[in-house]
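Reader: I've got the sequence and the model open side by side. Can you take me through the labels people put on it, and tell me what earns each one?

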Amino acid sequence: MVTIGNAHDDLIHDAVLDYYGRRLATCSSDKTIKVFEVDGENYKLASTLFHHEGPVWQVAWAHPKFGSILASCSYDGKALIWKQQPQNREWQVIAEHTVHQASVNSVSWAPHELGAVLLCTSSDGRVSVVDFNEDGTTSSVVFDAHAIGVNSASWAPVSDVKDKSARRFVTCGSDNLAKIWRFDPISDKYVQEATLQGHSDWVRDVAWSPSNLVKQYIATASQDRTVLIWSPDAQGNWQKQLLTEEPFPDVCWRCSWSLSGNILAVSGGDNKVSLWKENFQGKWESAGQVDQ
């Protein structure tokens, strides 16, 4: 295991590798973003990005077909789009998304087949979807999603690129719910497709499995110390299953699927990351743990 010492001056909230695994972006309560060059087990600090005015909660790399682009979100109510300039390798803010009136808690890029589309969630209870058009213009849709605040969101994998209603994602909030949304081309709006109700406290994170070759899965991690796995039945109704019969030792903060969609990682307030895999009987069992 590789450890990067003294990376930030405060708590680190997110760390994400780019598409090729050659760069690592981290963000922190120290209001900065750091980009590291990765060479085997060596991590060299390449850039420190200053522009946010509050703790930076999350970073997200765009697909490389759009260039070296990074999105970030912060307590300052902004989502920023950064681009590395090919001439001098410096990072510059090329767009500021400032429609929200409270902390922007998550940013996530849509599957690249849908274009350069950014999904943002905020404590103001709203979700925004920003399209970055090829002519340099942007267009955004903003709507109310969770009354008390939206904590995270995750895109569904794309099955039909030509179908605009293929734009689907799931959000989670402080109302103890997760909700699935679908773009409706007729009304040009995002409409609620399903409500996932099963937690007794804030849903802190949600992750849609990136592969739907066999079955669709959505994982929700909650402050109630449980993780639920959701999958649709034959009628398309989403059914829930507890990841573990016993609650986790502490709050479940984040959940993330492997690229193949068959292994789930869960991080919690006990500073541990546990891995889970479904067996042939449809039960979820431990696949390891990271203690550092």
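Author: Sure. One term comes up at once: strands here are DSSP runs of E with at least two residues, numbered from the N terminus. With that numbering, Asn 176 lies in the loop between strand 14 (168-173) and strand 15 (177-184). Keep in mind that this is a predicted model.

Reader: What makes Asn 176 stand out in that loop?

Author: Its backbone. Most residues other than glycine have a negative phi. Asn 176 has a positive one, near 70 degrees, and is not a glycine. The loop belongs to a hairpin of strand 14 and strand 15, with 3 residues between the strands.

Reader: Why is Asn 176 called partly exposed?

Author: Buried means under 20% relative accessible area and exposed means over 50%. Asn 176 has 22%, so it is partly exposed.

Reader: Where else does a residue other than glycine have a positive phi, and why is Lys 31 called partly exposed?

Author: Lys 31 has a positive phi of about 75 degrees although it is not a glycine. Lys 31 lies in the loop between strand 2 (23-28) and strand 3 (32-39). Its relative accessible area is 40%, which falls between the 20% and 50% cut-offs, so Lys 31 is partly exposed.

Reader: How do you know that strand 14 is mostly covered?

Author: By going through its residues: 6 of its 6 are buried. Arg 168, Val 170 and Cys 172 point one way, Phe 169, Thr 171 and Gly 173 point the other way, and all are buried.

Reader: What makes strand 14 a partner of strand 13 and of strand 15?

Author: Two strands pair if DSSP finds at least two bridges between them. Strand 13 (residues 150-155) is joined to strand 14 by 5 bridges, and the two run antiparallel. Strand 14 and strand 15 also pair in the antiparallel sense, over 5 bridges. Both pairs therefore meet the requirement of at least two. To find them on screen, look for Ser 152 opposite Cys 172 in strand 14, and for Arg 168 opposite Arg 182 in strand 15.

Reader: How do you know that strand 11 and strand 12 pair?

Author: Strand 11 and strand 12 (residues 138-144) share 7 bridges in the antiparallel sense, so the requirement of at least two is met. Arg 126 stands opposite Asp 144 in strand 12. These strands form a hairpin with 5 residues between them, where Gly 136 takes a positive phi near 95 degrees.

Reader: Why is Val 129 called buried, and what is it in contact with?

Author: Val 129, in strand 11, has 1% relative accessibility, which is under the 20% cut-off, so it counts as buried. Leaving aside neighbours within four places in sequence, its contacts include Val 117, Leu 119, Val 141, Trp 155, Phe 169 and Tyr 190.

Reader: Why is Pro 86 called exposed?

Author: Pro 86 has 64% relative accessibility, and exposed means over 50%, so the label fits. Pro 86 lies in the loop between strand 7 and strand 8. Pro 86 and Gly 67 are 19 residues apart in sequence and 9.5 Å apart in space, C-alpha to C-alpha.

Reader: What makes up the lining of the second largest pocket?

Author: The second largest pocket holds about 460 Å³ of space. It is lined by 23 residues, and the closest to its centre are Phe 66, Ala 116, Phe 132, Asn 133 and Glu 134. Strand 7 (79-84), strand 8 (91-97) and strand 11 (126-132) are the elements that give two or more residues to the lining. By class, the lining has 11 nonpolar, 6 polar and 6 charged residues.

Reader: Back to the whole chain: how do you know that its radius of gyration agrees with a compact globule?

Author: For 292 residues, a compact globule would have a radius of gyration near 19 Å, and the chain has 18 Å, so the two agree. Along its principal axes, the C-alpha trace spans about 55 × 50 × 35 Å. Of the 292 residues, 48% count as buried.

Reader: And how many helices and strands are there?

Author: The chain has 0 helices and 24 strands. Strand 23 (residues 273-278) and strand 24 (residues 284-290) pair in the antiparallel sense over 6 bridges.

Key:
Residues numbered from 1 in each chain as written. Predicted model: local features only at pLDDT ≥ 70, side-chain atom pairs only at ≥ 80, totals over all residues. Heavy atoms only, no water. 1 Å grid on protein atoms, 1.4 Å probe; cavity = no way out; pocket = protein on both sides within 12 Å on 5 of 7 lines; lining within 4 Å. Points joined across faces, edges and corners; volume = space filled by probe spheres on them. Helix = DSSP H or I, 4+ residues; strand = E, 2+ residues; numbered from the N terminus. Nonpolar A, V, L, I, M, F, W, Y, C, P; charged D, E, K, R; others polar. Rg over C-alpha atoms; globule rule 2.2 N^0.38 Å. Buried < 20%, exposed > 50% of the residue type's maximum accessible area, 1.4 Å probe, protein only. Contact = heavy atoms within 4.5 Å.
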